[in-house]
Amino acid sequence: MKNTVSGNGNGRHAEIAGAGFAGLTAAAALARRGWTVRVHEQGPELREQGAGIVLWHNSLKVLQAIGAYDQALADSMTPPYYETRVQGASVSHEHFDGLPWRTMTRPHLHKTLLDAALRAGAEIHTGSRVVSADPRGTVTLASGETLTADLVVGADGVKSQVRDAIGFTQDRWKTRDGITRFLVPRHKDELGPGEWDNVIDFWNLEPRYLRVLYVPCNDRELYIALGAPAADEQGSRTPIDLDLWTSVFPELTPVLRSAAKAADPRYYGYQTTVVDEWSAGVVALVGDAAHAMCPALAQGAGCAMANAYTLAVAASEAPDGEIEESLVRWGELERPITDRCQQRSADYAATRGMAQGNQFTVENLETARYDPTDPDRHSVSA
Ligand SMILES: Cc1cc2nc3c(=O)[nH]c(=O)nc-3n(C[C@H](O)[C@H](O)[C@H](O)COP(=O)(O)OP(=O)(O)OC[C@H]3O[C@@H](n4cnc5c(N)ncnc54)[C@H](O)[C@@H]3O)c2cc1C
C-alpha cells in the first residue's frame, strides 16, 4: 500500500521500521506534527494477526491525541469486571476504581491506528524490509536502497533488525510459560447463565498449570488465550488438545470447540527484552523492539503506544540540530515507568502470582494510569 498526502511540513522527515501498534502510533503522531513519514512493513499486507487486547487509560489517551479514539471505541467494550477464578472458584472481581479500560480485537486496534496514520499523511510501504540502520540517520532496505532521515524509529518488534544491526546492548530471555491466542464467536447463549461479559482469568494450578484468559471484545467476538508451560507438550500443542482443555475447563466447552477449529494457531513463549539505551544518535527504539514484556499486566501495547507518542512529541519539540539530545532526554524521562512495569510483569510471569486475584493494585496499575499526553506529567509536585 502506498498513500501519500503532502503535509504542511516542519521540514523534518522520519523513516519508521514496522507497522505494528508502535510504528503506526509514531507515524500518526509525527505526521500530525508536520513531519513527512515513511513506514516500512516487511509483511505483504497491513494486518494484525493476533486476537484480542486490553487497553488502559495510558493508551486510550494516546488514541485521543492522534484522533483515533472514536473509531477505537466504536467496536470495543468495557467489561463490568476483571474476574479471577482459581480451580473453578471466583476469588476476585476488580473494576479499577473507575480507571478507563477497554477490550477490543487486535485487528480493530490495528485498523484504527492505520487509518489514523494514513489520515495524518504517513506513507506506508508493504513488502519493505529494513535490514539495517545507522545512528546518523539512515535505514537500509532489503532491496539495497538506503534512505536518510532526521529521525529513524525502530518499531520492528521483538526480533528488531534495527536494534540488532546497530548493536544495542541487550538482555533477552523467555519465561517458562506461554500462550496460544484465539478469536472465536462469543457463544454467549451456549455458555449458559453467568457473568460472560466479564474478563475472566481462569487458573488451574493443581495438578498442573493450565490457564484460560477469557476476554469479550464486542458483542460478536471473544478473545481467549490458553496458557501452558512450554515444557508441557500436551498443553502447548497446536491445534489444541480439545479433550484436555474441556476436561479442565468444562464450562468453556463451546468456545474451546471453536478454538480447536482455528486455522494455523501458534504457541508463543513469553519474552522479555531489556536494552541498555532506547536511542543511538537519531535512531530510537519503541515497542517490543525496546521493551518486550510478559503479558501479565496487559501493558505491552499500552507502553508501546505511550512511548511512541512521547517520542514523536520530544523529537518534534527538539530545536534544529538537537534531535539526538532530545531522544536521550526522552529515554531518561519515559523509561523508568516502563522498566518498572516490565519488571513487575516478569515477576508475575515467574511466580504466576496473578492467580491470587486482586493483583491490579495501585502500584501495578501505575503504567495504566499514566497520561503520556499530559505536558506536566514529569513535574515534581511541591
Ligand atoms: C499473549 C500476549 C498477550 C498480550 N496482551 C496484551 C494486552 O492485553 N495489552 C497490551 O497492552 N499488550 C499486550 N501484549 C503485548 C503487545 O502485544 C505487544 O507489546 C505489542 O504488540 C508490541 O507492538 P509493536 O508494534 O512494538 O510490535 P509488533 O506488534 O511485533 O509489530 C512489529 C511490526 O514490525 C514488522 N517488522 C518486523 N521486522 C521488520 C523489518 N525488519 N522491517 C520492516 N518491518 C518489520 C512486523 O511485521 C510487525 O508488523 C500481549 C502480548 C502477548 C504475547
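Colleague: How much of the chain over residues 16–327 is helix, how much is strand, and how far apart are the end C-alpha atoms?

Modeller: The model is predicted. In it, residues 16–327 are 30% helix and 32% strand, and the C-alpha atoms at the two ends of that stretch are 15 Å apart.

Colleague: What makes residues 16–327 a stretch to single out?

Modeller: An unreviewed UniProt entry annotates residues 16–327 as "domain: FAD-binding". Such annotations may be inferred rather than shown by experiment.

Colleague: Why is the radius of gyration of the protein chain said to agree with a compact globule?

Modeller: For 382 residues, the rule for a compact globule gives a radius of gyration near 21 Å, and the protein chain has 21 Å, so the two agree. The C-alpha trace spans about 60 × 55 × 40 Å along its principal axes, and the chain holds 12 helices and 18 strands.

Colleague: Which residues come nearest to the ligand, and what puts a residue around it?

Modeller: A residue counts if one of its heavy atoms lies within 4 Å of the ligand. There are 28 residues around the ligand, and E41, R106, V130, D288 and A301 come nearest. By class, the shell divides into 11 nonpolar, 11 polar and 6 charged residues.

Colleague: What makes the approach of G300, A301 and G302 to the ligand a set of polar contacts?

Modeller: The cut-off is a pair of N or O atoms within 3.5 Å. A backbone N or O atom of G300 lies 3.3 Å from a nitrogen atom of the ligand. For A301, a polar backbone atom is 2.9 Å from a ligand oxygen atom, and for G302 the distance from a polar backbone atom to a ligand oxygen atom is 3.1 Å. Each pair falls within 3.5 Å, so each is a polar contact.

Colleague: How much of the ligand's accessible area does the protein cover?

Modeller: On its own the ligand has 1000 Å² of accessible area, and the protein covers 86% of that.

Colleague: Which elements give two or more residues to the shell around the ligand, and which gives the largest share?

Modeller: Two or more residues come from each of α1 (21–32), β2 (36–41), β3 (52–56), β12 (170–185) and α10 (300–317). The largest share, 3 residues, is that of α10.

Colleague: What is the strand order of the open sheet of 6 strands, and why are β7 and β17 called edges?

Modeller: The order is β7-β2-β1-β11-β18-β17, with mixed pairing. β7 (123–126) and β17 (279–280) each have a single partner strand, so one side of each has no neighbour in the sheet.

Colleague: What makes β11 and β18 a pair, and in which sense do these strands run?

Modeller: Pairing needs at least two bridges. Strand β11 (residues 151–154) and strand β18 (residues 283–285) have 3 bridges in the parallel sense, so they qualify. One of these joins G154 to L285 in β18.

Colleague: What makes β16 and β15 partners of β12?

Modeller: The test is again at least two bridges. β12 has 8 bridges to strand β16 (residues 267–275) and runs antiparallel to it; R172 has T273 of β16 as its bridge partner. To β15 there are 9 bridges, also antiparallel, and G178 stands opposite A228 in β15. Both counts meet the test, so both are pairs.

Colleague: What makes Q87 worth a remark?

Modeller: Phi of Q87 is near 50 degrees, a positive value in a residue other than glycine. Q87 lies in the loop between β4 and β5, in a hairpin with 2 residues between the strands. β4 (residues 82–86) and β5 (residues 89–94) pair in the antiparallel sense over 5 bridges, and Y82 is bridged to E94 in β5.

Colleague: What is omega for the cis peptide bonds before P207 and P239, and where are these prolines found?

Modeller: The bond from E206 to P207 has omega about 0 degrees, and P207 is in the loop between β13 (199–204) and β14 (210–216). From T238 to P239, omega is near -10 degrees. P239 is in the loop between β15 (221–229) and α7 (242–248).

Key
Residues are numbered from 1 along each chain as its sequence is written. This is a predicted model: local features need pLDDT of at least 70, side-chain atom pairs count only at pLDDT 80 or more; totals for chains, interfaces and linings use all residues. Side-chain values use heavy atoms; hydrogens and water are left out. A polar contact is a pair of N or O atoms within 3.5 Å; within protein, one must be able to donate a hydrogen and the other to accept it, and residues adjacent in sequence count only if both atoms are side-chain atoms. Accessible areas come from the Shrake-Rupley method with a 1.4 Å probe; for residues, only the protein chains shown count as cover. Helices (H or I, at least four residues) and strands (E, at least two) are DSSP runs, numbered from the N terminus. Ala, Val, Leu, Ile, Met, Phe, Trp, Tyr, Cys and Pro count as nonpolar, Asp, Glu, Lys and Arg as charged, and the others, Gly among them, as polar. The radius of gyration is taken over C-alpha atoms; the globule rule is 2.2 Å times the number of residues to the power 0.38.
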